[in-house]
Amino acid sequence: MSLILEGVAKKFGELQALKGVSIHLKKGEVVGLLGPNGAGKSTLMKILTGYYTEWEGSVVFYDKDLKTERRTIQKEVGYLTENNPLYPEMYVKEYLDYVAELYRLKNPPVEALINQTGLEDHKKKKIQTLSKGYKQRVGLAAALLHNPKLIILDEPTTGLDPNQLVEIRKLIRNLGKDKTVLLSTHILQEVDALCDRVLIINKGEIVLDERMENLRKDQKQIIEVSFDYRVETEALARIPNVQQVRNPHDFDYELQLKEKKDMRPAVFDFAHDNGLKILKLQLKNESLEKVFKSLTS
Ligand code: ADP
Ligand code: MG
C-alpha cells in the first residue's frame, strides 16, 4: 500500500467537514474522489498534501507518518490545486524553471515535462495568453517537476472544453502507469473515463469504494432510440440481446440490453429493414448514475 488513511477527520469551527475517512491506495492506481460540491474533496486533499496540520486520524505514506514526517512526504507528493494559481506574467518555461528553483531541484526534467504535457509549441508564451486547457498542463508539469510518487489533482478537468478534456485525460492516464494518482471531480463521466477505482464522498464520508470494473459489470446498458414512425415493441424485442422494450412516449423507445455489447448496429439494421428513419440513437450506462445519485442525494 502506498497510502493508508485511517479515521481522518477535520472540523472547521462547528462544521465537521470530514467524518473519519479510511482508505488505502495502491501504487499505479488512478483513483477518483467523486462527490458533489462541499462534500469534502478539497479538504481531504489539502490534508494529504500537508497544507492543513490540524486534523484527527492517521495518514501513512510508504511507512512514513504524515504527522511526524510531513516535509519528507511533501517531497513525494505532487499537487494541482483547484484553481491552479500560476504567474500570468511569466513565460511557460520560465515559470517551470522558477518552480524547480523554489523546490531546489538539482536536475529538474523541465524539457522532458514540457514534452510530456504537450507544451513544446507554447514554452515561450506568456501564461496569461494560454487557454484554460494549456494552463492546466502548465500546472500539471509544475506538479511533476520533483518526480512525485503520489499525484493529487483537485478537479483537474473542470471547465475544460471537450477537446481539451480528451487530451488532459490521456495525460493523466499515462501518469497512472507508475504513480499513484488521486483526482477529485464532481462529474461522474470523468471517473468513468479515467479511473480504475472510485471513492464516492458525501458530507465528509466515503460512501462507496469500488473498482470501476465491478461497477461496470453490474451496469445495465440502455439504447435510447427515436424513429420517425410508430413501431411494435414486440418487433423491437426481437432484436438480438434486447431484454426489455419501453415506449416512454410517441416514437421514442428504450431498449434494455441483456449483456454489455453495443447493439446500435443491429438497431440500424432493424430501421433499414423496416423502412424507418432513426431520429435519435444513443447508448446509456444507467446504473453508475443511479448509484451516484442514490448515494449523494
Ligand atoms: P469540495 O471540495 O468537495 O467541494 P470542500 O472540501 O472544499 O468540498 O469543503 C467541505 C466543506 O467544508 C464545505 O461545507 C465547505 O464550505 C467547508 N470548508 C472548506 N474549507 C473551509 C475553510 N477554510 N473554512 C471553513 N469552512 C470550510
Ligand atoms: Mg473542492
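Which residues form one aromatic cluster with F12? They are Y51 and Y52, so to speak the company F12 keeps. Keep in mind that this is a predicted model.

**Aromatic rings**

Searching the whole structure turns up seven aromatic pairs. One of them joins Y51 and Y52: the ring centres are 5.2 Å apart and the planes sit at 65°, so this pair is edge-to-face, the cut-off being over 60 degrees. Y51 itself is exposed, at 57% relative accessibility.

F227 and Y253 pair up too, with ring centres 5.9 Å apart and planes at 50°, so they count as tilted. This pair ties together distant parts of the chain: F227 belongs to strand β11 (residues 221-227) and Y253 to strand β13 (residues 252-257), 26 residues apart. And are these two rings' residues buried or exposed? F227 is buried, at a relative accessible area of 1%, and Y253 is buried with a relative accessible area of 1% as well.

**Charges over rings**

Back at the cluster, Y52 has another neighbour: the charged end of K10 sits over the Y52 ring, 4.4 Å from its centre. Elsewhere, R137 lies over the face of Y134, and here the distance to the ring centre is 4.4 Å.

**Helix packing**

R137 also turns up in the contact between helices α5 and α6. Helix α5 has a packing arrangement with α3 to describe as well. Here are the two pairs.

| Helix pair | Axis distance | Angle | Handedness |
|---|---|---|---|
| α5 (residues 132-144) and α6 (residues 162-175) | 10 Å apart | about 15° | right-handed |
| α3 (residues 92-102) and α5 | within 9 Å | roughly 25° | right-handed |

How do α5 and α6 run, roughly parallel or roughly antiparallel? With their axes at an angle of about 15°, α5 is roughly parallel to α6, as angles under 35 degrees count that way. On the α5 side, the contact is made by K132, G133, Q136, R137, L140 and L144. On the α6 side, Q164, E167, I168, L171 and L175 do the job.

Then there's α3. Its axis and that of α5 cross at roughly 25°, and the two helices are therefore roughly parallel to each other. Which residues of α3 meet α5? V92, Y95, L96 and V99 do, and their partners in α5 are V138, A141 and A142.

Notes
Residues numbered from 1 in each chain as written. Chains lettered and ligands numbered in written order. Predicted model: local features only at pLDDT ≥ 70, side-chain atom pairs only at ≥ 80, totals over all residues. Heavy atoms only, no water. Phe/Tyr/Trp six-rings, centres within 6.5 Å; stacked < 30°, edge-to-face > 60°. Buried < 20%, exposed > 50% of the residue type's maximum accessible area, 1.4 Å probe, protein only. Helix = DSSP H or I, 4+ residues; strand = E, 2+ residues; numbered from the N terminus. Lys NZ or Arg CZ within 6 Å of the ring centre and 35° of its normal. Axes fitted to C-alpha atoms, helices over the stretch in contact; angles between N-to-C directions. Parallel < 35°, antiparallel > 145°, perpendicular 65-115°, else oblique. Left-handed = near helix turned anticlockwise from the far one by under 90°. Contact = heavy atoms within 4.5 Å.
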